[in-house]
Amino acid sequence: MREVTDASFQREVLESEGPVVVDFWAPWCGPCHAVEPVLNDLEREHEGRVEFVKLNIETASRYAVLSIPTVILFDGGEPRETVVGARPRSQYEQAIAATSSTP
């Protein structure tokens with residue numbers, strides 16, 4: 001999963017033509033490290049359909065991220081689905097599926 005920055009967030013997430021899952025994380029966050037392998041697996045499985053990126057929490061306040069890990073799926077530059085906390089893989093899959101089925 002590649003990292004985006006405050007400087008590249010607009011271009012790489014908000015202006016993306018397809019859905020983008022954004023993992024808001026911090027290096028010191030244990031649960032963030034726990035969900036990383038799950039998101040990496042999902043990234044491989046959804047390659048070409050959904051993009052996965054990670055953003056250190058510097059930008060988090062703009063999207064009301066109050067706890068980490070927080071994962072937000074953006075589509076059309078808008079946040080569509082949010083998963084807060086270290087959750088089972090099925091919750092991330094449900095978020096992706098909900099956005100994929102939206103017209």
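Search the whole of this predicted model for aromatic pairs and you find one. It is made by Phe9 and Phe74, whose ring centres sit 5.6 Å apart with their planes at 85 degrees, so the pair counts as edge-to-face. If those two numbers seem like an odd way to talk about rings, here is the idea: a pair of aromatic rings is described by the distance of the centres and the angle of the planes. The two partners come from distant parts of the chain, with Phe9 in helix 1 and Phe74 in strand 4, 65 residues apart. Both Phe9 and Phe74 are buried.

Let's stay with Phe9 for a moment. Leaving out residues up to four places away in sequence, Phe9 touches Val4, Leu14, Val22, Phe24, Leu55, Arg62, Tyr63 and Phe74. Phe9 has company in helix 1, too: Ser8, Glu12, Val13 and Leu14 are among the buried residues of that helix. What do the buried residues of helix 1 pack against? They pack against strand 1, strand 2, strand 3 and strand 4.

Now zoom out to the core around that ring pair. The largest nonpolar core has 18 residues, and those with the most contacts inside it are Phe9, Val13, Val22, Phe24, Tyr63 and Phe74. Helix 1 (6-14), strand 2, strand 3 and strand 4 are the elements that give two or more residues to this core. Strand 2 gives the largest share, four residues. Apart from this core lies another one, of 12 residues, among them Val21, Val35, Val50 and Val71.

Those strand numbers keep coming up, which brings us to the sheet. Five strands form an open sheet in the order 1-3-2-4-5, with mixed pairing. At the edges are strand 1 (2-4) and strand 5 (78-84), each pairing on one side only. From one strand to the next, the twist averages 30 degrees. As a reminder, strands of a sheet pair through backbone hydrogen bonds, either parallel or antiparallel.

You can walk across the sheet pair by pair. Strand 1 and strand 3 run parallel and are joined by three bridges; here Arg2 has Val53 in strand 3 as its bridge partner. Next, strand 3 pairs with strand 2, again in the parallel sense, over six bridges. Val53 turns up on this side as well, standing opposite Val22. Then the direction flips: strand 2 (residues 20-25) and strand 4 (residues 70-75) pair in the antiparallel sense over five bridges. Asp23 stands opposite Val71 of strand 4. Finally, strand 4 and strand 5 run antiparallel, joined by six bridges, and Thr70 has Val84 in strand 5 as its bridge partner. Strand 4 and strand 5 form a hairpin with two residues between the strands, where Gly76 takes a positive phi near 65 degrees.

Back to strand 3 for a closer look. Is strand 3 largely enclosed or not? Five of its six residues are buried, so strand 3 is largely enclosed by the rest of the structure. One residue to look at in strand 3 is Asn56. A residue counts as buried under 20% relative accessible area, and Asn56 is buried because its value is 17%. Setting aside neighbours within four places in sequence, Asn56 is in contact with Glu3, Trp25, Ala26 and Pro27. Trp25 also has a charged visitor: Lys54 lies over the face of its ring, at 4.1 Å from the ring centre.

Two more helices deserve a stop. Helix 2 (residues 30-45) lies across strand 2, strand 3 (51-56) and strand 4, running at about 155 degrees to strand 3. Helix 3 (residues 89-100) is where you find Ile96. Is Ile96 buried or exposed? With a relative accessible area of 4%, Ile96 is buried. Which residues does Ile96 touch, not counting residues up to four places away in sequence? They are Val21, His46, Val50, Phe52 and Leu73. Val21 and Val50 are names you have already met, in the core of 12 residues. Trp25, on the other hand, is 71 residues from Ile96 along the chain, and their C-alpha atoms are separated by 19 Å.

How values were computed
Residues numbered from 1 in each chain as written. Predicted model: local features only at pLDDT ≥ 70, side-chain atom pairs only at ≥ 80, totals over all residues. Heavy atoms only, no water. Pairing = 2+ DSSP bridges. Axes fitted to C-alpha atoms, helices over the stretch in contact; angles between N-to-C directions. Contact = heavy atoms within 4.5 Å. Core = buried A, V, L, I, M, F, W, Y, C linked by side-chain atoms within 4.5 Å. Buried < 20%, exposed > 50% of the residue type's maximum accessible area, 1.4 Å probe, protein only. Phe/Tyr/Trp six-rings, centres within 6.5 Å; stacked < 30°, edge-to-face > 60°. Lys NZ or Arg CZ within 6 Å of the ring centre and 35° of its normal.
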